[in-house]
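Biologist: Let us go through this model together. I will ask, and you reason from the atoms.

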Amino acid sequence: MGFIFSKSMNENMKNQQEFMLAHARLQLERQLTLQNEMRERQMAMQVAWSREFLKYFGTFYGISTILLTARAIKQKKPAFLFPIVPLSFVFVYQYDLGYGTLLQRMKGEAEDILETEKSMLELPKGMITFESLEKARREQSKFLMDK
């Protein structure tokens, strides 16, 4: 009689473990999907911000270029053209970020760093562990109790 109950309990326990494993996997998949959705939305906001900024900066850049060029021609001083150079770099960067391939190039560079330069990504003193967190918590708790 005890063997039957034991076998039944073992089978129930095994079924329960399989259910818990499937549930944990589903929860992890949902978390990963949620994190990816949030990342995509943040990136979309960054690109949208860049495009909006480009509209305003492009207007400023165009007016400034026209006025500086007219002044350089009118006063015959090419020094008025020098501010156009750094403004051009900012304009091209923003255009590349909003409408060009800058994000794809950055993604490729990031993938290269992850594959070939993994040591650059290591945290000082290594990964945070439960033990190191507990040690810091206890030290902070002692410090607060001493006050």
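What follows is a short exchange on the core, a buried serine's surroundings and the surface.

Biologist: First, is this model predicted or experimental, and which element gives the largest share of the largest nonpolar core?

Modeller: The model is predicted. Its largest nonpolar core has 5 residues: Phe-57, Tyr-61, Leu-68, Ile-84 and Leu-87. Two elements, α1 (2-75) and α2 (84-99), each give two or more of them. The largest share, 3 residues, comes from α1.

Biologist: Which residues does Tyr-61 contact, leaving aside neighbours within four places in sequence?

Modeller: Tyr-61 belongs to that core. Two of its contacts, Ile-84 and Leu-87, are core members as well. The full set is Ile-84, Leu-87, Ser-88 and Phe-91.

Biologist: Is Ser-50 buried or exposed?

Modeller: Ser-50 lies in helix α1. Beyond four places in sequence, Ser-50 touches Gln-94, Leu-97 and Gly-98. Buried means under 20% relative accessible area. Ser-50 has 0% relative accessibility, so Ser-50 counts as buried.

Biologist: Where does Met-127 sit, and why does Met-127 count as exposed?

Modeller: Met-127 is in the loop between α3 (102-116) and α4 (130-146). The cut-off for exposed is over 50% relative accessible area. Met-127 counts as exposed because its relative accessible area is 69%.

Biologist: How much accessible area does the nonpolar surface patch with Met-127 have together?

Modeller: Met-127 shares this patch with Leu-123, Ile-128 and Leu-133. In soluble globular proteins, nonpolar side chains tend to be buried together. This patch is on the surface, and its accessible area together is about 460 Å².

Terms used. Residues are numbered from 1 along each chain as its sequence is written. This is a predicted model: local features need pLDDT of at least 70, side-chain atom pairs count only at pLDDT 80 or more; totals for chains, interfaces and linings use all residues. Side-chain values use heavy atoms; hydrogens and water are left out. Patches are made of residues with over 30% relative accessible area and no salt bridge: like charges are joined within 9 Å, nonpolar side chains (Val, Leu, Ile, Met, Phe, Trp, Tyr) within 5 Å. Accessible areas come from the Shrake-Rupley method with a 1.4 Å probe; for residues, only the protein chains shown count as cover. A salt bridge is a side-chain nitrogen of Lys or Arg within 4 Å of a carboxyl oxygen of Asp or Glu. Helices (H or I, at least four residues) and strands (E, at least two) are DSSP runs, numbered from the N terminus. Buried means under 20% relative accessible area, exposed over 50%, partly exposed in between (1.4 Å probe, protein chains only). A nonpolar core is a set of buried Ala, Val, Leu, Ile, Met, Phe, Trp, Tyr and Cys residues joined through side-chain atoms within 4.5 Å. Contact means heavy atoms within 4.5 Å.
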